[in-house]
Amino acid sequence: MRPPALPRPRTAVGIEPDPYVPAHGDTSYTVAHYDLELDYRVASNRLAGRARIHVRPTRRIDRLALDLAAPLAVAKVLVDGKRVRYAHRGGRLTVTLPAQVAVGAAPVVEVQWSGNPRPSRGPWGEVGWEELTEGVLVAGQPDGAPTWFPCNDHPGITSTYATTVTCDSPYTVVTNGVLVQRVVRGSRTTWSYEQREPMAPYLASVQIGAYTAVRIADAPDIPQTVYVPRRLQAQALHDFGRQPQMMAVFTELFGPYPFPAYDVVVTDDPLEIPLESQGFSTFGANHCTGRRSDERLVAHELAHQWFGNAVGVATWQHIWLNEGFACYAEWLWAPHGGGQSTDAQARRWHASVKRRPQDLVLADPGAPDMFDDRVYKRGALTLHALRLTVGDKVFRELIQSWVAEHLHSVVTTDMFVAHAERYGGATARSLLKAWLEQPTLPELPRR
C-alpha cells in the first residue's frame, strides 16, 4: 500500500540521539510512513508480519538500524524490492543498503518477521506486547514498540501509518487511526486502519479482545466509542459518560481536538494504570466501577491527545511537557465534575510534593525518574504557577498558540520557555527557569 497523500510532518527541532533510551533509534534517517500487515493467532500468541518502511535519510548512509526485539525472528529484508544483507542481534536489525543513499532519496525497506511476541523488561517495568486472559494489550511507552514491529524507535521521529491486522473472527481489533475496512472471511477477520496524522512509534498500539463497541451519547462533534466487555458495558457508559463534557472543556482551553475521533478500550483484565495511545486510551476493568471513581484518569488520558500525541517531545528528557499538562488537566476538570477548585488542588499537591525529596530537576529528571510522580505533579504545579503569573486570559492564549504552532510536531523545554516569554516577558522566563532547573520546589505565587 502506498502512503497516503498527506502533508509531510513538520520538523520542529533537529533529531538527536535520546540519552534516556540510548540503545533505541537511529538518527541517520526518519520514517515518512509505516505500512504494517499483521496476522495474529490469539490461542498460540503467534504473530507474523510484513512492514514496508518509507525511509528518509538525514545524511548519506549505506546502512541503517531498526529496533526489533527477540524472540521475533526476521525471515527476509528487501530494499526497493531487492533482497539485502542484514544482521539481527541484541534487539537491533541492521540493514545493509544496496548502495549509498543520499538526503532526498526515499528508499522503502521491507521486513518480514514472525514469532511469539512478549513484553520487554527494563528500568520502567514490562512494556510492549502483552497477552491478556483473552486477547492482547500493547503499552509501548517508552521503549516497547519493537516488541511487535520493526521501527525507528525514537520519540522525535514521527510517521503516518497504515495498519492491517488479520485475527480470529470473534475478536475486535483496535489500533491507531480511522477504520477504513473490515473484511470477514469465515473464522478470520481483517481490520484495516489508517493513521493519517504523524505518530511516534511508542504511541502505536494494538488492542485485541472480546469487545462490544458502544458510542458515547452527547458527543456530536468528535465521535467517541468505548470498546468494552459486555459485562462491563453499563459501568463503562456511566464512568465515561462525562467524557464529551471533558472534551468540550479541554477544547475551550487547549484548542480544537487534534484527531478525527477518540476511543476508549476497557480490558477484561485489571491494569495497574491506564495508558494513552494516539487517538485512543486503554483502561483496565478495575478502572470501570460504575462510580466514576477514576474520572481524573479519564481526564488525564484525554488530555494526552493534545500533549504527548499531537504535540510530542523531541526526547524523553522533556517528558514533563506530556505528563505535567495531563496532570494539570485533571485539576482543570475537577471543578466541572464537582471537585475542588484548580487552585485548591494545586496548593494541596504543592504541600505534598514539598514533603518529598527535593532532588529532582524537572527539565532533566534522568532516565530512572522520568516516570516519577513528582514529574507529573511538579509539571502541573509549574503550569499553575505560570498561569497565576500571567493571568487566566494570557495563559489560555499561550497554551492554545503553543498547541496550534507545534501541532503534529515535536518540542523541547527550551521551546516552551521561549514561547512563554513571548506572552509573559522576562518574568515568565525567570519563573519557569526556577521551576524547571532547580531541584528545590519554589513557592506558588498568590492569586
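## Exercises around Phe-250 and Arg-50

Phe-250 is in contact (heavy atoms within 4.5 Å) with Gly-255, Ala-299, Leu-302, Ala-303, Trp-306, Ala-329 and Trp-333, leaving aside its neighbours within four places in sequence. This is a predicted model, in which local features need pLDDT of at least 70, side-chain atom pairs count only at pLDDT 80 or more, and totals for chains, interfaces and linings use all residues. Residues are numbered from 1 along each chain as its sequence is written, and side-chain values use heavy atoms, without hydrogens or water.

**Exercise 1.** Place Phe-250 in the largest nonpolar core, and say which element gives this core its largest share.

*Solution.*
1. A nonpolar core is a set of buried Ala, Val, Leu, Ile, Met, Phe, Trp, Tyr and Cys residues joined through side-chain atoms within 4.5 Å; buried means under 20% relative accessible area, with a 1.4 Å probe and protein chains only.
2. The largest such core has 127 residues, and Phe-250 is among those that touch the most other members, together with Trp-148, Phe-149, Phe-254, Leu-386 and Phe-416.
3. Helix α4 supplies 10 residues, the largest share of this core.
4. Another core lies apart from it, with 10 residues that include Leu-137, Ala-139, Tyr-211 and Leu-275.

**Exercise 2.** Describe the surroundings of Arg-50, beginning with its strand.

*Solution.*
1. Arg-50 sits in strand β2, which covers residues 46-57.
2. Is Arg-50 buried, partly exposed or exposed? Its relative accessible area is 27%, so Arg-50 is partly exposed (neither under 20% nor over 50%).
3. Leaving aside neighbours within four places in sequence, look for Asp-35, Leu-36 and Glu-37, and also for Glu-110, Val-111, Gln-112 and Trp-113: Arg-50 is in contact with each of these residues.
4. Now try Lys-76: it is 26 residues from Arg-50 in sequence, and the two C-alpha atoms are 9.4 Å apart in space.

**Exercise 3.** Step back and characterise the chain as a whole, from its elements to its compactness.

*Solution.*
1. Count the elements: the chain has 8 helices and 23 strands, taken as DSSP runs (H or I of at least four residues for helices, E of at least two for strands) and numbered from the N terminus.
2. The chain is as compact as a globular protein of 447 residues, because its radius of gyration of 22 Å is close to the 22 Å from the globule rule. That radius is taken over C-alpha atoms, and the rule is 2.2 Å times the number of residues to the power 0.38.
3. The C-alpha trace spans about 65 × 55 × 40 Å along its principal axes.
4. Of the 447 residues, 59% count as buried.
5. Among contacts with a separation of 6 or more, 69% join residues 24 or more positions apart.
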